Amino acid sequence: MKITILTMFPQLFDGFLQSPVVQRAIRRESLELEIVDIKEFAPGSFRHIDDSPFGGGAGMVMRCQPVLDALRYVKGEEGGAPASFTVALSPAGTVFCQKTARRYKELDHLILICGHYEGMDERIYRHADEELSIGDYILTGGEIAAMAVADAVIRLLPGALRDKSTEEESFENGLLEYPQYTQPAVFEGEAVPEVLLSGNHEKIRKWRLKESLRRTLERRPDLLAGRILTEEEEEFLRELGTAGETKELLRDLKSGK
Ligand code: SAH
C-alpha cells in the first residue's frame with residue numbers, strides 16, 4: 001500500500017522513516033511512504049499558510065488553498081483513479097483503534113493530513129473521507145498522530161514484522177494480551193508462572209486466555225461489553241470473580257445488552 005502524509009513539518013518524520021518496521025515494509029515492497037510538504041504549495045517567498053480566524057479569537061488557522069492544492073497534487077499522481085482514502089487528523093474526529101488500523105491496512109492509498117496551529121479551515125475537512133483523533137488530548141500538530149496511525153497500520157503489512165503474527169496482541173480478539181515473560185525463569189526472587197515452563201500447549205493456551213480475561217475485566221471491562229462469550233470464556237469469567245460486578249457483566253453479556 002501507499003501512505004502519503006501531508007505536513008508543514010516534513011523533518012519531523014526523519015526518525016520515523018528510519019524505523020526498522022518502516023524500512024522493512026519498504027524493502028519488502030509492502031509499503032510506499034511519501035511525505036509531502038504543504039509549504040511547497042503556499043504562494044510567495046513568505047509561504048502564507050495560516051491566517052487569523054474569522055470572528056476573532058486566539059491563534060491561527062491553516063488556509064484552504066495550500067492544503068487542498070497539496071491534496072490535489074497527491075491525488076493527481078494517481079492518474080485520476082479514485083483509489084485513495086483521505087483522513088484529516090483532528091481531536092474532533094472519531095477515536096482511532098485497532099479495528100480502524102485493520103481497515104486502513106486494506107487500502108491501496110491512505111492520505112493523512114496533519115493540522116497545526118489552531119487547526120484547519122473547516123472547508124478542508126469536506127475533502128476528507130474521515131476525521132480521526134488519536135485520543136482525548138490536544139497535540140501541537142497532527143504529525144505525532146499521523147505517525148501513531150501509520151505505525152499501527154504498517155506493522156500489519158506483510159513482511160513488516162520480522163516474525164510472529166499480530167493476531168494474538170491486545171485488542172485483536174477484543175481482549176487485552178496475557179502477561180509475557182522471558183529468561184531468566186527466576187529474577188530477583190520472582191518466578192515465572194509454572195505453567196509456562198510445562199511445555200503443555202493446551203494448558204498454556206488456557207492459562208493465557210484466562211489471564212487475558214482477568215486483565216480485561218480488571219483494567220478495561222468496557223472491552224467485554226457486547227462480547228459474545230464462548231463457553232470456555234464464560235466459565236473462566238465465572239471463576240475469576242464472585243464479585244457482583246462480574247455477575248452483572250455476565251448477565252448483561254448473556255442478555256446481549
Ligand atoms: N483548536 C483545535 C486543536 C488544534 S491542535 C481544537 O480545539 O480542536 C492542532 C492540530 O493538531 C490539529 O489540527 C490536528 O491535526 C492535530 N491534533 C491535535 N490533537 C490531536 C488528536 N488528539 N488526534 C489527532 N490529531 C490531533
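**Exercise 1. Determine whether Glu-77 is buried or exposed, and where Glu-77 lies.**

Solution. Glu-77 has a relative accessibility of 38% and therefore counts as partly exposed. The classes are set as follows: buried is under 20% relative accessible area, exposed is over 50%, and partly exposed is in between (1.4 Å probe, protein chains only). The residue Glu-77 is placed in the loop between helix 3 and strand 5. Helices (H or I, at least four residues) and strands (E, at least two) are DSSP runs, numbered from the N terminus. When neighbours within four places in sequence are left aside, Glu-77 is in contact (heavy atoms within 4.5 Å) with Lys-2 and Glu-34.

The model is predicted: local features need pLDDT of at least 70 and side-chain atom pairs count only at pLDDT 80 or more, while totals for chains, interfaces and linings use all residues. Residues are numbered from 1 along each chain as its sequence is written, and side-chain values use heavy atoms, with hydrogens and water left out.

**Exercise 2. State which residues are linked with Lys-2 in a network of salt bridges, and describe the pair of Glu-32 and Lys-2.**

Solution. A salt bridge requires a side-chain nitrogen of Lys or Arg within 4 Å of a carboxyl oxygen of Asp or Glu. The network links Lys-2, Glu-32 and Glu-34. Within it, the side chains of Glu-32 and Lys-2 meet at 3.8 Å, N to O. Glu-32 belongs to strand 2 and Lys-2 to strand 1, so the pair ties together parts that are 30 residues apart in sequence. Lys-2 is buried, with a relative accessible area of 17%, whereas Glu-32 is partly exposed at 46%.

**Exercise 3. Derive the strand order of the open sheet and identify which strands stand at its edges.**

Solution. The open sheet has 5 strands in the order 2-1-6-5-7, with parallel pairing; two strands pair if DSSP finds at least two bridges between them. Strand 2 (32-37) and strand 7 (130-133) each have a single partner strand, so one side of each is left without a neighbour in the sheet. From one strand to the next, the twist averages 30 degrees. Axes are lines fitted to C-alpha atoms, for helices over the stretch in contact, and angles run from 0 to 180 degrees between N-to-C directions.

Next, consider the pairing of strand 1 (residues 2-7) with strand 6 (residues 109-113), which is parallel and runs over 5 bridges. Here Leu-6 has Ile-113 in strand 6 as its bridge partner.

Finally, add the helices. Helix 3 (residues 64-76) packs on the sheet and touches strand 1, strand 2, strand 5 (84-95) and strand 6, its direction making about 170 degrees with that of strand 6. Helix 4 (residues 98-105) also packs on the sheet, touching strand 5, strand 6 and strand 7; the angle between the directions of helix 4 and strand 7 is about 135 degrees.

**Exercise 4. Examine helix 7 through Ser-212 and the salt bridge of Glu-202 with Arg-205.**

Solution. Ser-212 lies in helix 7 (residues 201-219) and is buried, with a relative accessible area of 6%. Apart from neighbours within four places in sequence, Ser-212 is in contact with Leu-175, Leu-176, Glu-177 and Tyr-178. Glu-202 and Arg-205 both lie in helix 7, 3 residues apart, about one turn of the helix. Their closest N and O atoms are 2.8 Å apart. Glu-202 is partly exposed at 41% relative accessibility, and Arg-205 is partly exposed at 37%.
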